[in-house]
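Here are some notes to go with the coordinates. Have a look at the model first, then read on point by point.

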Amino acid sequence: MRVTIESFTRPDVERMRAAVARLADGPADGQEGAAADDVTFDLYIFGGCPGQRVEFRASVPSGGQAEVTHVDELRDVDERFSEAVRPEELAALARQLDVASLMELPSNADEGYVPDSLVGSVAITSANARITLWFPVEDEDPPEDDEVAMRIDRGQVPFVLRASMAPPSVRPAFAQLAQVVNRLTGRAQL
């Protein structure tokens, strides 16, 4: 897994930790919870040969509507929609996220991917800080002896991240993000 950390100063780190902690606590009585721009989770999956390209994007902000885009050239899919994110889903996601452990992940800057392969990323953004995790994605379930860290059920082909390809510290957050995204896409009016 390749990790990119952008625009981090000590105050940026503290602001991100505070925003994630507020989100994990959920909305207080009479309050909407974290501001819409406090924390955003962006899942992006792309790849494929020309004429068979796939692009899936789900942007889940801590306030407002999630935006989902799915394009699959081979299956002639081109859809875009918005769907409300439940505060309890965001709180559960934030409780699984440990900013300190993300900061300690090795960058693996030399990790590359085969051209036209499926590649995914999860970016967590808060204020001036962004942590992006890059990983290979498969379009089929792994053998039974290999666990799945994240499975997005979108269309005829799933997007799967094997647990062996993700550090243990990020697996719970990825699994929770998959639950949120799968609920959003399953309820969308297409």
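1. Where does Asp76 lie? This is a predicted model, and in it Asp76 sits in the loop between strand 4 and strand 5 (77-84). Its backbone is worth a look: phi of Asp76 is near 55 degrees, a positive value in a residue other than glycine. Most residues other than glycine have a negative phi. As for the side of the protein it is on, Asp76 is exposed, with a relative accessible area of 74%.

2. There is another aspartate to check in the same way. Asp116 is not a glycine either, yet its phi is positive, about 70 degrees. You'll find Asp116 in the loop between helix 3 (99-104) and strand 6 (119-126). With a relative accessible area of 37%, Asp116 is partly exposed, since partly exposed covers the range between 20% and 50%.

3. Gly112 is also placed in the loop between helix 3 and strand 6. Gly112 is exposed, at a relative accessible area of 55%. If you want a long-range distance to check from here, take Gly155: the two residues are 43 apart along the chain, and their C-alpha atoms are separated by 27 Å.

4. On confidence, the chain has a mean pLDDT of 88, and 93% of its residues reach 70 or more. By element, strand 1 (residues 2-6) has the lowest confidence, at a mean of 88. Strand 2 (residues 40-47) has the highest, at 96.

5. Now helix 1. It covers residues 10-25, which makes 16 residues. From first C-alpha to last it reaches 23 Å, close to the 22 Å expected at 1.5 Å a residue. Right after helix 1 comes Gly26, with a positive phi near 80 degrees.

6. Which residues of helix 1 are buried? They are Asp12, Val13, Met16, Ala19, Val20, Leu23 and Ala24. Looking down the axis of helix 1, these buried residues fall within an arc of 140 degrees, so they line one face of the helix. The face turned away from that buried side carries Arg10 and Asp25, which are exposed.

7. What covers the buried residues of helix 1? The cover includes strand 2, helix 2 (87-96), helix 3, strand 6 and strand 7 (129-136). One contact to follow up is that of Leu23, a buried residue of helix 1, with Phe41.

8. Phe41 itself lies in strand 2. Phe41 is buried, at a relative accessible area of 3%; the cut-off for buried is under 20%. Leaving aside neighbours within four places in sequence, Phe41 is in contact with Leu23, Ala58, Ser59, Val60, Leu93, Leu97, Ala123, Ile124 and Leu177. For a backbone distance, try Phe41 and Arg130: they are 89 residues apart along the chain, with their C-alpha atoms separated by 9.9 Å.

9. Phe41 turns up again in the list of cavity-lining residues. How many cavities of 30 Å³ or more does a search of the whole structure find? The search finds one, and the largest cavity has a volume of about 70 Å³. Its lining is made by Phe41, Leu93, Leu97, Leu102, Val122, Ile124, Leu133, Val170, Ala173, Phe174 and Leu177. Strand 6 and helix 4 (171-187) are the elements that give two or more residues to this lining. Helix 4 gives the most, with three residues.

10. Helix 4 also holds Gly186. Is Gly186 buried or exposed? Gly186 counts as exposed, at 63% relative accessibility. The C-alpha atoms of Gly186 and Asp153 are separated by 8.6 Å, and the two residues are 33 apart along the chain.

11. Last, the open space. The largest pocket holds about 300 Å³. It is lined by 20 residues, of which Val54, Asp72, Arg75, Asp139 and Val157 lie nearest its centre. Strand 4 (65-72) and strand 9 (157-162) are the elements that give two or more residues to the lining of this pocket.

Key
Residues numbered from 1 in each chain as written. Predicted model: local features only at pLDDT ≥ 70, side-chain atom pairs only at ≥ 80, totals over all residues. Heavy atoms only, no water. pLDDT = per-residue confidence, 0-100. Helix = DSSP H or I, 4+ residues; strand = E, 2+ residues; numbered from the N terminus. Expected span 1.5 Å × (residues − 1). Buried < 20%, exposed > 50% of the residue type's maximum accessible area, 1.4 Å probe, protein only. Arc of directions from axis to C-beta. Contact = heavy atoms within 4.5 Å. 1 Å grid on protein atoms, 1.4 Å probe; cavity = no way out; pocket = protein on both sides within 12 Å on 5 of 7 lines; lining within 4 Å. Points joined across faces, edges and corners; volume = space filled by probe spheres on them.
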